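Welcome! Below is a short guided walk through one protein chain. Have the sequence and the 3D view at hand, and take the stops in order.

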Amino acid sequence: LFQTLLFLSTEVMPFSPVERLRCTLNGFTDVFKPAYYFLEYKVASKQIPNVSKIANRKKLKDYIQTESNNNNNDDDESTKNSIFDHSKWDAVLKRHVSVGTGTIDDVTNINLVNYDAIANDEDFNSYLELLEKTNPDVELSPLEQLAFWMNAYNALCINIILQYEKKNSPKINSINDLTITKDNPVWDQVAGKINGKDISLNTIEHDKLRKEWDEPMVHACIVCASASCPNLRPEAFVSDKIEEQMIDQTKNWLQNESKGLWSKNNNKLVLSRIFLWFTEDFGNNIQQNFLPNYLDESDAKKKLLKGKKSA
């Protein structure tokens, strides 16, 4: 944990401008920040399951080649897998997700979601019906399952907001407004149905994704309807190009200097709080083993990761 927090005097991004101001007013210095973040990590760890010790979690790279070989074996019927049709969700995203201008809570280059338009889009309702009728764990191959669950998370995150606003007014300012009590956060509430059964966003994120997949790029691909989250991708994830899509998502997230990773005062790096909450998911020595893989060689942040002064 402290390796994540302290490399190159790295800070972790406060969640909002108000929180940043509060930290300043309370007199937090670089000396005390590690202790502050450690306490936050301990609180988060009570709510977020540590999945790093679960044996035999799937790795994306292991399945890319395996499924490619299986799909090329046309003579073996047993290797063929069902392909889930995400075209309706893809159309919804292309129609109603756009790059915004300006800032929201000091965050820039945000993909904006037109919730009102999605609420009236029949393709969205049809896609939710497809999700409800599908048993992905039985019907789909591993890569199809990965695409299914990431798309389902993003679609149902929008759905839980739309269902609330359909019954209540005025519109919410934050998805966290849907939290009823400390013991009933929005993440544990029913967001929709999969295979005919109610499901929450936490069940998808932790049980269907994190516990099944040893793949930190998932965190760049599922979006919790907040400006500080990675951008919602304006296309559906699909198994035949899922590696390319996930790498691109991670690059876009980390290269957005108000979301993922950015330099401060030309000698510090600031990380998204996602790296604090999900420290174990990113493995050891992320400054060498994870972050550089998604930064351009010319990026000043990559030079800082290598211990070099940026120009």
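Let us begin with a helix and its surroundings. The buried residues of H10 are covered by elements that include H9, S4 and strand S5 (197–200); here, buried means under 20% relative accessible area, exposed means over 50%, and partly exposed lies in between, with a 1.4 Å probe and protein chains only. Helices (H or I, at least four residues) and strands (E, at least two) are DSSP runs, numbered from the N terminus. H10 is mostly covered, with seven of its 10 residues buried. Those buried residues are Leu201, Asn202, Ile204, Glu205, His206, Leu209 and Arg210.

A word on the source: this is a predicted model, in which local features need pLDDT of at least 70 and side-chain atom pairs count only at pLDDT 80 or more, while totals for chains, interfaces and linings use all residues. Residues are numbered from 1 along each chain as its sequence is written, and side-chain values use heavy atoms, with hydrogens and water left out.

**The chain as a whole**

The chain has 14 helices and seven strands. Of its 311 residues, 48% are buried. Contact means heavy atoms within 4.5 Å. Among the contacts in the chain with a separation of 6 or more, 69% are between residues 24 or more positions apart.

**The nonpolar core**

A nonpolar core is a set of buried Ala, Val, Leu, Ile, Met, Phe, Trp, Tyr and Cys residues joined through side-chain atoms within 4.5 Å. The largest one in this chain has 70 residues, and Met150 and Met246 touch the most other members. H9 supplies the largest share of this core, 15 residues. Which residues does Met150 touch, not counting residues up to four places away in sequence? They are Leu209, Val218, Cys221, Ile222, Phe237, Ile242 and Met246. As a general point, nonpolar side chains tend to be buried together in soluble globular proteins.

**Where H7 meets H9**

Helix H7 (residues 122–133) packs against helix H9 (residues 142–167) at an angle of about 125°, and their axes are 11 Å apart. That angle makes H7 oblique to H9. The axes are lines fitted to C-alpha atoms, for helices over the stretch in contact, and angles run from 0 to 180 degrees between N-to-C directions. Angles under 35 degrees count as roughly parallel, over 145 as roughly antiparallel, 65 to 115 as roughly perpendicular, and the rest as oblique.

From H7, the contact is made by Phe124, Tyr127, Leu128 and Leu131. H9 brings Phe148, Asn151, Ala152, Ala155, Leu156, Ile158, Asn159 and Leu162. The residues of this contact divide into 10 nonpolar, two polar and no charged. In this count, Ala, Val, Leu, Ile, Met, Phe, Trp, Tyr, Cys and Pro are nonpolar, Asp, Glu, Lys and Arg are charged, and the others, Gly among them, are polar.

H7 and H9 also take part in covering another helix. The buried residues of helix H5 (residues 87–96) pack against strand S2 (97–99), strand S3 (111–113), helix H6 (115–119), H7 and H9. Within H5, the buried residues are Trp89, Asp90, Ala91, Val92, Leu93 and His96.

**Four residues and their accessibility**

The table gives the place and relative accessible area of four residues.

| Residue | Place | Relative accessible area |
|---|---|---|
| Val190 | strand S4 (residues 190–194) | 49%, partly exposed |
| Asp105 | loop between S2 and S3 | 53%, exposed |
| Ala225 | loop between helix H10 (201–210) and helix H11 (242–255) | 29%, partly exposed |
| Asp137 | helix H8 (residues 136–139) | 39%, partly exposed |

Val190 and Ile160 are 30 residues apart in sequence and 7.7 Å apart in space, C-alpha to C-alpha. Leaving aside neighbours within four places in sequence, Val190 is in contact with Ile160, Asp198 and Ile199. On the same kind of count, Asp137 touches Gln145, Trp149 and Lys208. Asp137 and Asn195 are 58 residues apart in sequence and 9.7 Å apart in space, C-alpha to C-alpha.

**Backbone details**

Phi of Asp105 is near 50°, a positive value in a residue other than glycine. Ala225, also a residue other than glycine, has a positive phi near 60°. Where is the cis peptide bond with omega of about 0°? This bond joins Ser169 and Pro170, and Pro170 is found in the loop between H9 and S4.
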